[in-house]
Amino acid sequence: MDARDAAANPYHPQAIEPAFQTEWEAANAYRATEDTRKPKFYCVSMLPYPSGKLHMGHVRNYTISDVMSRQLRMKGFNVLHPMGWDAFGLPAENAAMKNGVPPAQWTYENIAYMKKQCKAMGWGLDWSREVATCDPAYYKWNQWLFLKMLEKGIAYRKTGVVNWDPVDMTVLANEQVVDGKGWRSGAPVEKREIPMYYLRITDYADELLAQLDKMDGWPAEVRLMQKNWIGKSVGAEIHFPYDEESIGKAGVLKVFSTRPDTLYGATFMAVAAEHPLALQAAQHNAGLAAFIEECKKGGVTEAELATQEKKGMPTGLFCLHPLTQKKLPIWVGNYVLMGYGEGAVMGVPAHDERDFAFAKKYELRIVQVVDVPGKDWSIEKWQDWYSDDGVAIASEDFTGLTTAQFKEKIGAVLSAIDLGGPRTTYRLRDWGISRQRYWGTPVPIIHCGDCGPVPVPYEDLPVVLPEDCVPDGSGNPLNKREDFLKCACPKCGKPARRETDTMDTFVDSSWYFMRYASAGAETMVDARNDHWNPMDQYIGGISHAILHLLYARFWTKVMRDMNMLKYDEPFTKLLTQGMVLNHIYLRRNDKGGIDYHAPDSVIAKHDEHGKVTGYVSKADGLPVEYNGIGTMSKSKLNGVDPQDIIDKYGADSARLFVMFAAPPELTIEWSDAGVEGANRFLNRVWRFVFGVSDVAATTGWKTADANIRSARMELHKTLAQATFDYGRAQYNTVVSACMKMLNTLEKVPADSPAGNALRAEGTSILLRTLYPVTPHITSALWRNVGYEKLHGSLLDAPWPEVAADALQQDEIELVLQINGKTRGKVTVPAKATREEVEELVRMDETALKYAEGGIKKVIVVPGRLVNVVI
């Protein structure tokens with residue numbers, strides 16, 4: 001073909017891309033089998049929530065894994081790259097209320113549309129292993145493993161505190177509570193205790209923490225986030241005996257402290273509103289009872305409590321200091337959570353900022369018991385160093401001990417008097433999996449009036465969720481479904497009712513990657529799971545760095561301990577990709593609200609110097625306000641529909657842009673101009689490749705023109721760099737390398753055998769290097785200009801190898817130094833001996849210029865420099 005063919009056959013991605021997608025699908029091109037003849041590579045991008053349409057964040061995420069998978073397939077790996085849907089969850093219920101359709105219908109319609117979009121992007125996915133977590137064939141195994149955990153004591157039932165909307169009669173997630181009120185009803189939210197199911201993730205805290213140090217394939221930032229979330233704390237448990245006169249019975253109030261060296265500074269105790277002592281005191285104190293009710297309307301998480309105003313009220317009850325026997329008043333504090341530890345803390349205001357503020361507010365005693373040398377402590381104002389380590393004072397026999405010495409001694413003292421002792425605790429709490437919502441995995445429990453909670457027999461699984469419910473905001477619709485609720489007790493056969501709680505959706509995502517590996521298995525997983533896992537590369541946003549990843553690690557260890565799999569950790573390498581941002585424009589309306597404007601609906605106004613002075617709406621010409629750059633959002637109208645990009649430029653242009661814009665782990669800013677630039681580059685590739693006249697051309701490179709040999713060396717150097725960058729997932733520089741290759745090849749003349757041979761070899765390298773990023777256009781060119789007839793489909797082509805002979809240089813440059821100072825460079829034959837280099841330097845013009853008095857000595861550092869001593 002000659003260059004005129006490109007004009008006759010212009011680049012038309014809207015025709016090329018669907019044709020190859022159909023061809024690949026018909027050939028099951030990406031279907032993986034457990035082929036042990038090749039090294040395996042299992043790569044997964046976190047499964048998406050089927051919200052309706054893909055967004056550009058999805059495009060970036062799944063293109064990263066697709067590029068990685070395609071390149072490693074070319075390198076000889078047996079690659080598994082599957083896809084599924086994280087299909088349960090609250091958004092579907094909200095959409096159901098808005099649209100009046102069952103969540104199931106909304107979800108399945110979205111899955112169908114988004115799957116179509118995935119295929120249009122050309123992602124090489126093994127759809128034979130597709131998983132939807134709302135499929136009973138999938139969530140059956142959530143229920144099955146839950147029952148196994150229940151048998152082993154890993155799962156258990158206890159009361160837990162939740163957000164309760166008294167109008168909608170439903171439990172709210174933390175994000176559904178806005179300024180203390182229900183997001184839908186506007187009613188003040190209450191805290192209620194209800195029975196819930198928990199998983200003992202704390203039993204695995206030590207292992208979860210210890211193995212982080214061995215996980216070199218994870219970003220250090222993510223490992224640190226998980227360490228902080230697990231939050232190992234070493235300290236002491238301290239028991240404060242009840243003052244029997246005020247409390248009316250014997251007992252102890254238990255607390256944990258990481259600073260037991262401040263024990264002599266304890267001047268009060270604070271308990272949660274739900275603590276038994278608080279409830280006891282409230283029976284005879286109307287003001288305290290009202291305060292407890294107020295506390296129940298507050299937050300239920302540490303983060304919420306940290307920001308709210310600290311309030312308290314005395315109970316009139318007392319406990320005794322374990323060492324001095326002094327009475328300490330017991331207060332109810334709105335900053336103490338019942339679900340954390342024993343629901344009580346000791347107040348040491350002199351050395352804790354929160355306690356200091358609380359004591360100042362309520363005029364409680366403040367006693368300094370730690371002296372920091374060189375610092376003057378004062379009761380007037382809190383200083384950050386008040387909480388530093390130091391030397392004990394006013395602490396009886398412990399006075400004079402350093403903080404470390406005190407901590408070491410106090411544990412034994414408390415143990416000896418049976419009032420506590422050394423203890424290690426974790427910030428991590430057991431995983432509460434009960435959700436009082438409809439669209440999720442039903443908890444497989446039956447409630448019998450005689451037998452209590454009874455597990456559903458294994459043979460009756462799955463407990464199938466009715467898919468025709470339409471939530472209306474008035475609680476869980478399962479509570480109104482008698483056909484779901486009514487059943488017989490498996491133990492006694494009497495009438496009973498099913499549990500209506502469903503499981504946290506993090507359960508669904510804790511093992512889906514195992515089901516990919518064991519697709520269609522009649523058990524939860526089979527031997528194929530151990531073939532593919534642990535996963536070689538996991539890709540997803542850093543927003544999932546804690547909970548999802550931590551729960552998946554825990555789930556894996558539980559299954560390991562049940563002899564269901566043979567590995568300790570699920571993910572060998574983790575890549576956390578950056579977000580895709582876009583500009584935000586808005587206008588404040590007459591009602592005090594905000595109307596957002598899509599970026600493409602806005603025009604910039606300029607002054608006479610071309611400087612932007614403001615923005616106006618295309619529709620009405622009225623001013624709009626630029627509000628910076630932020631994450632793409634439907635509500636802010638700054639999202640970009642991938643289908644629009646596909647329709648205008650093709651999927652390959654979108655893929656090229658999101659790979660070229662920045663390294664995968666960094667944030668990128670969406671740019672229409674950037675996509676246009678990507679499309680222009682692909683058009684250049686198209687035109688150039690159609691101009692390659694003989695793809696089978698070869699030559700003897702040693703006799704080729706020096707310029708041709710230099711261009712070939714540049715080409716293979718660039719290939720070596722691109723290969724290296726693929727290995728470290730730096731795809732932006734891979735695209736840069738492809739641009740560099742094209743620049744090199746465009747300068748190679750086609751008027752000689754050597755030139756034609758280099759264009760043929762170089763084009764083959766360019767197409768294979770670019771293929772993982774833009775598979776459609778490269779496959780079309782590979783076929784159209786004849787490479788497919790010579791070497792077979794690009795789909796199965798091997799990765800190009802760097803030619804050693806291409807990197808061999810005839811001449812090299814050495815730095816020339818005169819008495820240690822750099823004065824220039826000298827060119828010598830690449831294979832010259834030390835003696836030959838010295839002889840050439842003695843004749844070099846620059847050397848002779850500086851060596852008027854003669855050259856005393858020549859020092860040669862092979863391959864680097866020559867130092868002439870004069």
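These exercises, each with a worked solution, explore a predicted model.

**Exercise 1. One face of a helix**

Task: Find which residues of helix H8 are buried, and state how they are arranged around the helix axis.

Solution:
- Start with the range. Helix H8 covers residues 220-230.
- Pick out the buried residues. They are Val-222, Arg-223, Gln-226 and Ile-230.
- Look down the axis of H8. These buried residues fall within an arc of 100 degrees, so they line one face of the helix.
- Recall the general rule. An α-helix has 3.6 residues a turn, so residues three or four places apart point the same way.
- Turn to the other side of H8. There, Ala-220 and Glu-221 are exposed.

**Exercise 2. Salt bridges across the chain**

Task: Locate the partners of the salt bridge between Glu-34 and Arg-129, and decide how covered each one is.

Solution:
- Set the scene. The structure holds 45 salt bridges.
- Take the pair. The closest N and O atoms of Glu-34 and Arg-129 are 2.9 Å apart.
- Place both ends. Glu-34 sits in the loop between helix H2 (13-26) and strand S1 (40-45), while Arg-129 belongs to strand S4 (residues 126-132). The pair links distant parts of the chain, 95 residues apart.
- Check Glu-34. Its relative accessibility is 30%, so Glu-34 counts as partly exposed.
- Check Arg-129. Buried means under 20% relative accessible area. Arg-129 has 4%, so it is buried.

Task: Do the same for the salt bridge between Asp-796 and Arg-73.

Solution:
- Begin with the distance. The closest N and O atoms of Asp-796 and Arg-73 are 3.2 Å apart.
- Place both ends. Asp-796 lies in the loop between helix H27 (787-791) and strand S34 (811-818), and Arg-73 lies in helix H3 (residues 56-74), so the pair ties together parts that are 723 residues apart in sequence.
- Classify them. Asp-796 is exposed, at 57% relative accessibility. Arg-73 is partly exposed, with a relative accessible area of 28%.

**Exercise 3. A bridge and a network**

Task: Say whether each partner of the salt bridge between Arg-728 and Asp-725 is buried or partly exposed, then list the residues of a salt-bridge network.

Solution:
- Confirm the contact. The closest N and O atoms of Arg-728 and Asp-725 are 2.8 Å apart.
- Compare the two ends. Arg-728 is partly exposed at 42% relative accessibility, whereas Asp-725 is buried at 2%.
- Now list the network. Glu-207, Arg-553, Lys-557, Arg-560, Asp-561, Asp-568 and Glu-569 are joined by salt bridges that share partners.

**Exercise 4. A negative patch**

Task: Name the members of the surface patch of negative charge, and the helices that each supply at least two of them.

Solution:
- Name the members. They are Asp-600, Asp-644, Asp-647, Asp-672 and Glu-676.
- Match them to helices. H20 (642-649) and H22 (672-690) each supply at least two residues of the patch.
- Inspect one member. Asp-647 is in helix H20. Asp-647 is partly exposed, with a relative accessible area of 48%.

**Exercise 5. Unusual backbone spots**

Task: Place two cis peptide bonds and two residues with positive phi in their loops.

Solution:
- Leu-461 and Pro-462 are joined by a cis peptide bond, with omega about 0 degrees. Pro-462 is in the loop between strand S22 (452-455) and helix H15 (482-485).
- The bond from Asn-533 to Pro-534 is also cis, with omega near 5 degrees. Pro-534 is in the loop between helix H18 (527-532) and strand S26 (537-541).
- Gln-325 is not a glycine, yet has a positive phi of about 65 degrees. Gln-325 is in the loop between strand S13 (312-320) and strand S14 (327-333).
- Glu-363, not a glycine either, has a positive phi of about 55 degrees. Glu-363 is in the loop between helix H13 (353-362) and strand S16 (370-371).

Definitions and conventions. Residues numbered from 1 in each chain as written. Predicted model: local features only at pLDDT ≥ 70, side-chain atom pairs only at ≥ 80, totals over all residues. Heavy atoms only, no water. Patch = residues over 30% accessible without salt bridge, like charges linked within 9 Å, V, L, I, M, F, W, Y side chains within 5 Å. Areas by Shrake-Rupley, 256 points an atom, 1.4 Å probe, with all protein chains shown as cover. Salt bridge = Lys/Arg side-chain N within 4 Å of Asp/Glu carboxyl O. Lys, Arg positive; Asp, Glu negative; His and termini not counted. Charge placed at Lys NZ, Arg CZ, Asp CG, Glu CD. Helix = DSSP H or I, 4+ residues; strand = E, 2+ residues; numbered from the N terminus. Buried < 20%, exposed > 50% of the residue type's maximum accessible area, 1.4 Å probe, protein only. Arc of directions from axis to C-beta.
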